[in-house]
There are 2 protein chains.
Amino acid sequence: MDMALEQARLAYESEEVPIGCVIVYDDRVIGRGANMRVTKGNVLAHAEIIAIDEACRSMGDWRLEDCTLFVTVEPCPMCSGAILQARIKEVVFGTRNPKAGCAGSIYNLLDDDRFNHKAIVTEGIRQEECAEIMRSFFRNFRR
Amino acid sequence: MDMALEQARLAYESEEVPIGCVIVYDDRVIGRGANMRVTKGNVLAHAEIIAIDEACRSMGDWRLEDCTLFVTVEPCPMCSGAILQARIKEVVFGTRNPKAGCAGSIYNLLDDDRFNHKAIVTEGIRQEECAEIMRSFFRNFRR
């Protein structure tokens, strides 16, 4: 989660909503992403999507079955869906997103028997730091 | 939907699950995609994601607010989430996906007051053709 927070700080420095993500396989980081939605002018530039894209390229496979994804903020529907599609084994997130979170807040897409995959979810890791960087961002840039 | 079916046929020719998508803005096609998940070894290579990526590049914006997305099969959670995130105005799909569809089947992510966007959804356009190309694919390639 330390490295995911480092990615969140990179987003912050670009005046982007500070969310960061890393994907780990076999103790190795195979994907990382900092939210760059505005900078890239592309809705797909969420931290998780960038990290999943890099991880698929690293692995040469659309399946990321034995991977763990660490992200500072609870994934939105798009990113939760991408986690399901990639069959990522485990998701660890820092703080909840009550407005769009789909790993427990609005829905829990990652734990639904009707889909062909479920992920193990752990939340609240480095919660205070993950939440504080978000609060600081909205204080400074969204006035 | 004719052009979305053309994209689905391109996917079929590559031995990919035959789903196609186009995005229209102001009577102009600004994005198109054929499912290429296996060919590209990337979970993000669903038809809708490829089309949204191209549309964001065409528009130079992460918002696709006045656009209509045509897709042959009901979007999965990832693609429904991407549609929400991009604030696409209208979604037209051909045939339902009872196993993963999130625009009416398992969930309707596109019509939920708790999210900050909703899309107008029309389904069943060219339903029989959109379903038949899928059935034909699974008959031929998944034996």
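Biologist: Which residues does Ile52(A) contact, leaving aside its neighbours within four places in sequence?
Modeller: This is a predicted model. Ile52(A) is among the residues with the most contacts inside the largest nonpolar core. Leaving aside neighbours within four places in sequence, its contacts on chain B are Val43(B) and Leu44(B). On chain A they are Ile23(A), Leu64(A), Leu69(A), Ala82(A), Ile83(A) and Ile88(A).

Biologist: How many residues does the largest nonpolar core have?
Modeller: In soluble globular proteins, nonpolar side chains tend to be buried together. Here the residues with the most contacts inside the core are Ile23(A), Ile52(A), Leu69(A), Ile52(B) and Leu69(B). The count for this core is 84 residues.

Biologist: How many residues of helix α4 of chain A are buried?
Modeller: The helix spans residues 77-85 and is mostly covered. Among the elements covering its buried residues are α3 and β3 of chain A, together with α2 and α4 of chain B. The buried residues include Pro77(A), Met78(A), Ala82(A) and Gln85(A). The count is 9 of 9.

Biologist: Which residue with a positive phi follows α4(A)?
Modeller: The phi of this residue is near 55 degrees. The residue is also touched by His117(A), when residues up to four places away in sequence are not counted. It is Arg87(A).

Biologist: What area is buried between chain B and chain A?
Modeller: The contact takes 31 residues from chain B and 31 residues from chain A. Trp62(B), Gln85(B) and Tyr107(B) supply 24% of the area that chain B buries, more than any other three residues. Carbon and sulfur atoms give 68% of the total area. That total is about 2,700 Å².

Biologist: How many salt bridges does the rule find across the interface of chain B and chain A?
Modeller: Over all chains the count comes to 24 salt bridges. Between chain B and chain A there are 10 residue pairs in polar contact. For salt bridges across this interface, the count is 0.

Biologist: Which element gives the largest share of the side of chain B that touches chain A?
Modeller: The elements that give two or more residues to this side are α2, α3 and α4 of chain B. The residues of this side divide into 19 nonpolar, 6 polar and 6 charged. The largest share, 6 residues, comes from α4(B).

Biologist: Is Cys67(B) buried or exposed?
Modeller: Cys67(B) is in the loop between α3 and β3 of chain B. Leaving aside neighbours within four places in sequence, its contacts include Ile23(B), Tyr25(B), Ile30(B) and Ile88(B). Because its relative accessible area is 1%, Cys67(B) is buried.

Biologist: Which backbone oxygen lies 2.8 Å from a polar atom of the side chain of His117(A)?
Modeller: His117(A) lies in the loop between β4 and β5 of chain A. At 14% relative accessibility, His117(A) counts as buried. Residues that His117(A) touches include Ile83(A), Leu84(A) and Lys89(A), not counting those up to four places away in sequence. The backbone oxygen in question is that of Ile88(A).

Biologist: What is the phi of Asp26(A)?
Modeller: Asp26(A) is found in the loop between β1 and β2 of chain A. Asp26(A) is exposed, with a relative accessible area of 62%. Its phi is positive although it is not a glycine, with a value of about 55 degrees.

Biologist: Which residue meets Asp112(A) in a salt bridge?
Modeller: Side chains of opposite charge can pair when their charged atoms come close. Asp112(A) is buried, with a relative accessible area of 8%, whereas its partner is partly exposed at 47%. The N to O distance is 2.8 Å, and the partner is Arg114(A).

Biologist: Why are Glu132(A) and Arg135(A) separated by about one helical turn?
Modeller: The side chains of Glu132(A) and Arg135(A) meet in a salt bridge at 3.1 Å, N to O. These residues also belong to a salt-bridge network with Glu128(A) and Arg139(A). An α-helix has 3.6 residues a turn. Glu132(A) and Arg135(A) are about one turn apart because their spacing in helix α5 of chain A is 3 residues.

Definitions and conventions: Residues are numbered from 1 along each chain as its sequence is written. Chains are lettered from A and ligands numbered from 1 in the order in which they are written. This is a predicted model: local features need pLDDT of at least 70, side-chain atom pairs count only at pLDDT 80 or more; totals for chains, interfaces and linings use all residues. Side-chain values use heavy atoms; hydrogens and water are left out. Contact means heavy atoms within 4.5 Å. Buried area is the accessible area (1.4 Å probe) that two parts lose on being put together, summed over both. A salt bridge is a side-chain nitrogen of Lys or Arg within 4 Å of a carboxyl oxygen of Asp or Glu. A polar contact is a pair of N or O atoms within 3.5 Å; within protein, one must be able to donate a hydrogen and the other to accept it, and residues adjacent in sequence count only if both atoms are side-chain atoms. Helices (H or I, at least four residues) and strands (E, at least two) are DSSP runs, numbered from the N terminus. Ala, Val, Leu, Ile, Met, Phe, Trp, Tyr, Cys and Pro count as nonpolar, Asp, Glu, Lys and Arg as charged, and the others, Gly among them, as polar. A nonpolar core is a set of buried Ala, Val, Leu, Ile, Met, Phe, Trp, Tyr and Cys residues joined through side-chain atoms within 4.5 Å. Buried means under 20% relative accessible area, exposed over 50%, partly exposed in between (1.4 Å probe, protein chains only).
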